[in-house]
Amino acid sequence: MVKFPTFYLNLEGPDRSGKTTMFNDIHKSTGYRWNIHDRSAISMLTYSKLYERDCFHNIENLKRELFNLNNRFLILYPSWETIYHRQNKDPDDIHDVISLKKVYNMFGEVVEEFEKYPNVIVVNYNEPRELVSKIVDSLLRIENYSYKEIQEQVSQLALVRGGEAMGVNFTLFDNGEFVDVDEAVLEYEKEKEYYQKIRESIKNKINNEIENGQTLKSRRFVYADDSCISLANFNYRNNILDCNIVLRSSDVKDTLYYDLNFVGILCRDVFKHLNLNSSEDFCRIRFEINSAHIPSMVN
């Protein structure tokens, strides 16, 4: 069964928005299931702008965080009246009302810019702790996304980036049974021969390396090409089949669904060919998509 885990859960929002309460409530509700960060590169960029610092590295850090789809973001953005009331009741050590309002307005721009990103959840609610169970349920559902839903996430990222997102990456896990893959993709006329060529190439590569003295832990189980699926590297260590997949480019609307499922099938091929056992071993599939694009928007 495929899993799409949360690596970092980043809590964002202006000061006095309830991040600390949300942090504690999610941990309490889930038994510390996730690594929760109080603020991310979103805040670093926001405060760099506020204090007129050079923002280049903050922008790059934010892209790196956002484009890893295993990272999820919660942006808390209650009404200004709620923020103002909390400030008056318990004044912040750093901000007065004027500076707090500046930060609040800047996070309004953050919400407007990032609310449509696939891994961002905006909570426009004055008492967000009342939504903890719904937020947790939503995050748990994402971790069980199908290949189709993962494809939709990548497509949404490309869409909000104007039709192309560069350097998209995410990691999936499978328990070695690969029950979620869609076998029908192997008959997709547009890619049928291409997929078969890759499967045969990987099989021959593994056989040749083992015949020439390589072991199960060889670093040479590699497929490389200048086509869209440009690299597939397989390494077995500590009961993990580590599959590193690079897509030179991907038509995320029409082809990515097929490629995701095909990669699952390819990993299954290698898993079986190496005689791994789903009761002891599992598979980690790391995807790097150099250009995730929607052709109708960028061509």
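**Helix 5 and the pairing of helices 8 and 9**

D96 caps the N-terminal end of helix 5, with a side-chain oxygen placed 3.1 Å from the backbone nitrogen of I98 (a polar contact is a pair of N or O atoms within 3.5 Å, one able to donate a hydrogen and the other to accept it). The model is predicted, so local features need pLDDT of at least 70 and side-chain atom pairs count only at pLDDT 80 or more, whereas totals for chains, interfaces and linings use all residues. Residues are numbered from 1 along each chain, and side-chain values use heavy atoms, without hydrogens or water.

Helix 5 itself runs over residues 97-114 (helices are DSSP runs of H or I with at least four residues, strands runs of E with at least two). Its 18 residues reach 25 Å from first to last C-alpha, close to the 26 Å expected at 1.5 Å a residue (1.5 Å times one less than the number of residues). Buried residues here (under 20% relative accessible area, 1.4 Å probe) include L100, V103, Y104, F107 and V111. The buried residues of helix 5 pack against strands 2, 4 and 5 and helices 2, 3 and 4 (contact means heavy atoms within 4.5 Å).

Further along the chain, helix 8 (residues 192-211) packs with helix 9 (residues 256-273) at about 25°, their axes 11 Å apart. The two are therefore roughly parallel (angles under 35 degrees). Among the residues making this contact are Y195, I198 and I202 of helix 8, and F262, I265 and L266 of helix 9.

Overall, the protein has ten helices and eleven strands, and 51% of its 299 residues are buried.

Definitions and conventions
Buried means under 20% relative accessible area, exposed over 50%, partly exposed in between (1.4 Å probe, protein chains only). Axes are lines fitted to C-alpha atoms, for helices over the stretch in contact, and angles run from 0 to 180 degrees between N-to-C directions. Angles under 35 degrees count as roughly parallel, over 145 as roughly antiparallel, 65 to 115 as roughly perpendicular and the rest as oblique.
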